[in-house]
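Please load the model in your viewer and keep the selection tool at hand. The stops below proceed by selection, with a short account of what is found at each.

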Amino acid sequence: MLECLKGNELGRALRQIRECRSLWPNDIFGSSSDDEVQTLLNIYFRHQTLGQTGTYALVGSNQSLTEICARLMELNVEIRDMVRRARSYRVLTAFLPDSSVSGTSL
């Protein structure tokens with residue numbers, strides 16, 4: 001399938017999707033009601049990003065790229081803030097007294 005896509009043989013790749021769906025319904029190849037081109041794109045991008053983290057593929061969006069970039073930036077800021085908060089919680093818990101130790105005074 002991937003070789004077909006690399007060789008610009010879209011028709012052949014679509015036939016392979018149909019064959020795989022008949023052998024493995026509702027697997028990575030989707031179901032018969034799923035869009036075949038979308039399924040091919042999903043498989044292709046999954047293969048392209050194998051082993052990489054933080055990779056996004058935007059396929060067939062109805063929104064403008066400006067809107068999408070703005071939303072991704074907002075999400076990035078939210079994630080950054082959550083990571084900062086999580087790091088501060090971890091530091092705070094490192095300094096909490098052990099509950100098994102009895103209280104002492106100086």
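**A guided tour, beginning at T39**

Select T39 to begin; this residue is found in helix α3. The model is a predicted one. T39 has a relative accessible area of 6% and is therefore buried, the cut-off for that class being under 20%. Display the polar atoms next: the side chain of T39 reaches the backbone oxygen of D35 at 2.9 Å. Then show the surroundings of T39. Leaving aside residues up to four places away in sequence, T39 touches I17, R21, I28, F29, G30 and D34.

**The nonpolar core**

Now select M1, C4, A13, L14, I17, C20, F29, L40 and I43 together. These nine residues make up the largest nonpolar core. Helices α2 and α3 (36-48) each supply at least two residues of this core. The largest share, four residues, comes from α2.

Within this selection, centre on A13. Not counting residues up to four places away in sequence, A13 touches M1, C4, L5 and L40.

Move to Q16, which is found in helix α2 (residues 10-23). With residues up to four places away in sequence again set aside, Q16 touches M1 and C4. A distance monitor between the C-alpha atoms of Q16 and C4 should read 9.2 Å, for residues 12 apart along the chain.

**Cysteines**

How many disulfides does a search of the whole structure find? The search returns zero. Select C20 and C69 to compare their settings. C20, a member of the core just visited, has 14% relative accessibility and counts as buried. C69 has a relative accessible area of 46% and is partly exposed.

**An aromatic pair**

The structure holds two aromatic pairs. For one of them, select Y44 and F45: the arrangement is edge-to-face, with 5.4 Å centre to centre and 75° between the planes. Y44 is partly exposed at 26% relative accessibility, and F45 is also partly exposed, at 28%.

**Salt bridges**

The count of salt bridges comes to six. Three of the pairs are described here, starting with E3 and K6. Their side chains meet in a salt bridge at 4.0 Å, N to O. E3 and K6 are three residues apart in helix α1 (residues 2-6), so about one helical turn separates them. Both residues are exposed.

Next, select E36 and R18, which form a salt bridge whose closest N and O atoms are 2.9 Å apart. What does this pair tie together? Because E36 lies in helix α3 and R18 in helix α2, the pair ties together parts that are 18 residues apart in sequence. E36 is partly exposed at 21% relative accessibility, and R18 is partly exposed at 42%.

Finally, go to helix α4 (residues 65-94) and select R84 and D81. Their salt bridge has its closest N and O atoms 3.8 Å apart. The two residues are three apart in this helix, so they too are separated by about one helical turn. D81 is partly exposed, with a relative accessible area of 29%. Add R80 to the selection to complete the view: R80, D81 and R84 are linked in a network of salt bridges.

Note on methods: Residues numbered from 1 in each chain as written. Predicted model: local features only at pLDDT ≥ 70, side-chain atom pairs only at ≥ 80, totals over all residues. Heavy atoms only, no water. Disulfide = S-S within 2.5 Å. Buried < 20%, exposed > 50% of the residue type's maximum accessible area, 1.4 Å probe, protein only. Contact = heavy atoms within 4.5 Å. Core = buried A, V, L, I, M, F, W, Y, C linked by side-chain atoms within 4.5 Å. Phe/Tyr/Trp six-rings, centres within 6.5 Å; stacked < 30°, edge-to-face > 60°. Polar contact = N/O pair within 3.5 Å; in protein donor to acceptor, adjacent residues only side chain to side chain.
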